[in-house]
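Reader: I would like a close look at one part of this protein. Please take me through the cavities and what lines them.

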Amino acid sequence: MSAAQVTSAADVADRKRNARREDARTLGVAVVGAGYWGPNLVRNFQSSPNFRLRWVCDLDVDRARRVLGGYSTVRATSDYSQVLADPEVDAVAVATPAGTHLEVALAAVRAGKHVLVEKPLAATYADGARLVEEAAGRGLTLMCDHTYCYTPAVARIRELVRSGELGEIHFVDSVRINLGLVQKDIDVLWDLAPHDLSILDFILPDSVEPVAVAAHGADPIGAGRACVTYLTLQLSSGAIAHVHVNWLSPTKVRTTMVGGAKRTLIWDDLNPSQRLAVFDRGVDLTAPQDIGVSERREMLVSYRTGDMVAPALKEKEALRAMVDEFAAAIAEGRPALTDGRAGLRVLDILEAASRSLEFRGAVVGLRAGGR
């Protein structure tokens, strides 16, 4: 054998060893559902060094093949049992309609797979609780795809809130409105509010949680379901959070304001030049014991006007960050930042808000100890 042949054979052997080491580091994953959200998951799993996409499963196998393209070596199937039977599939990402989440995700958990579920976690709180309990009992990662929580802006808001830089939170106000699309099977509450509720759950300190909700809604176009809804959440700290979702607005608005005792921030998701702004402006209150008797009749409130700072944000696709978090949670054996219990807390609020709508805005308590 010539020296060139020896070198070539050695290179091939090295490549094979490197491939085996690479396989040992990556997780085999399957995406179930090739409709609206599935292709986004496929793209991000394929580009992640932490995963190796093995299957795309959809009842319409031709649609699954179209998502993969003509030159992919990833297998497409309409037989979910094939996916679950593959020992090289470590994790399953579920991107099917919410009503099927329990059946699809539960089957994956019982097959020993880690599971990522598109929001909402399940169609009902009871279904979500079954998933959480089953995954915990088997020591598997269950993660909810609350994608907005992985945007650079929301990650920074969480940091600012939890570090105390804003001070004690006084209020949160969120607006998510646009024209359409009016859904056929769910109201605007279940369509749009999960985004804002998952963000609220993500940014609040562990010591603060929603304890009750009141919801008001309207169906002015006769769609048969609420097209405009306002939610008011009471927080355990005494603060308040407000969420406005609307299918009928002629303009699209995506803003969140978080007001603290020290500073207030505004997130405008549609303003690429200044998504996040932090204002050192607010109201200061002098405690009565800190002032003299003769001054107590004077106004105790003073107004503070300071600078506005626009923090720099690192650009990273939210879905890619979410996929990275899924891999890290599995590898480290810890709950994901948006784990199954986070999905449950959002479902709890949605169900309570729906009951409040039925009773024309009555305040409905939430399950205690959700965190």
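Author: Helix 8 gives the most to the lining of the largest cavity: four residues. This is a predicted model. Strand 7 (169-179) and strand 10 (240-246) each supply at least two lining residues, as does helix 8. The full lining is Val172, Ser174, Asp196, Ile199, Leu200, Ile203, Ala241, His242, Val243 and Thr256. By class, that is six nonpolar, three polar and one charged. The space inside is about 70 Å³.

Three cavities reach 30 Å³ or more. The second largest holds about 40 Å³. Its lining consists of Tyr148, Ser174, Arg176, Asp196, Arg254, Thr255, Thr256, Trp267 and Asp269. Strand 7 and strand 11 (248-260) are the elements that give two or more residues here. Strand 11 gives the most, with three. The class split is two nonpolar, three polar and four charged. Ser174, Asp196 and Thr256 appear in both linings.

Now the packing. The largest nonpolar core has 104 residues; Leu41, Phe45, Tyr80, Leu121, Leu197 and Val258 touch the most other members. Helix 8 (residues 188-203) supplies the largest share of this core, 10 residues. Nonpolar side chains tend to be buried together in soluble globular proteins.

Val258 ties these parts together. Beyond four places in sequence, the contacts of Val258 include Val172 and Ile203. Both of those residues also line the largest cavity. Other partners of Val258 are Ile157, Val161, Leu166, Ile169, Phe171, Arg263, Thr264 and Leu265.

For the wider setting, the protein has 10 helices and 15 strands. Of its 371 residues, 47% are buried.

Terms used:
Residues are numbered from 1 along each chain as its sequence is written. This is a predicted model: local features need pLDDT of at least 70, side-chain atom pairs count only at pLDDT 80 or more; totals for chains, interfaces and linings use all residues. Side-chain values use heavy atoms; hydrogens and water are left out. A nonpolar core is a set of buried Ala, Val, Leu, Ile, Met, Phe, Trp, Tyr and Cys residues joined through side-chain atoms within 4.5 Å. Buried means under 20% relative accessible area, exposed over 50%, partly exposed in between (1.4 Å probe, protein chains only). Contact means heavy atoms within 4.5 Å. On a 1 Å grid over the protein atoms alone, a cavity is a set of points where a 1.4 Å probe fits but cannot get out, and a pocket is an open set with protein on both sides within 12 Å along at least five of seven lines; lining residues have an atom within 4 Å of a point. Grid points are joined across faces, edges and corners, and a volume is the space filled by probe spheres set on the points. Ala, Val, Leu, Ile, Met, Phe, Trp, Tyr, Cys and Pro count as nonpolar, Asp, Glu, Lys and Arg as charged, and the others, Gly among them, as polar.
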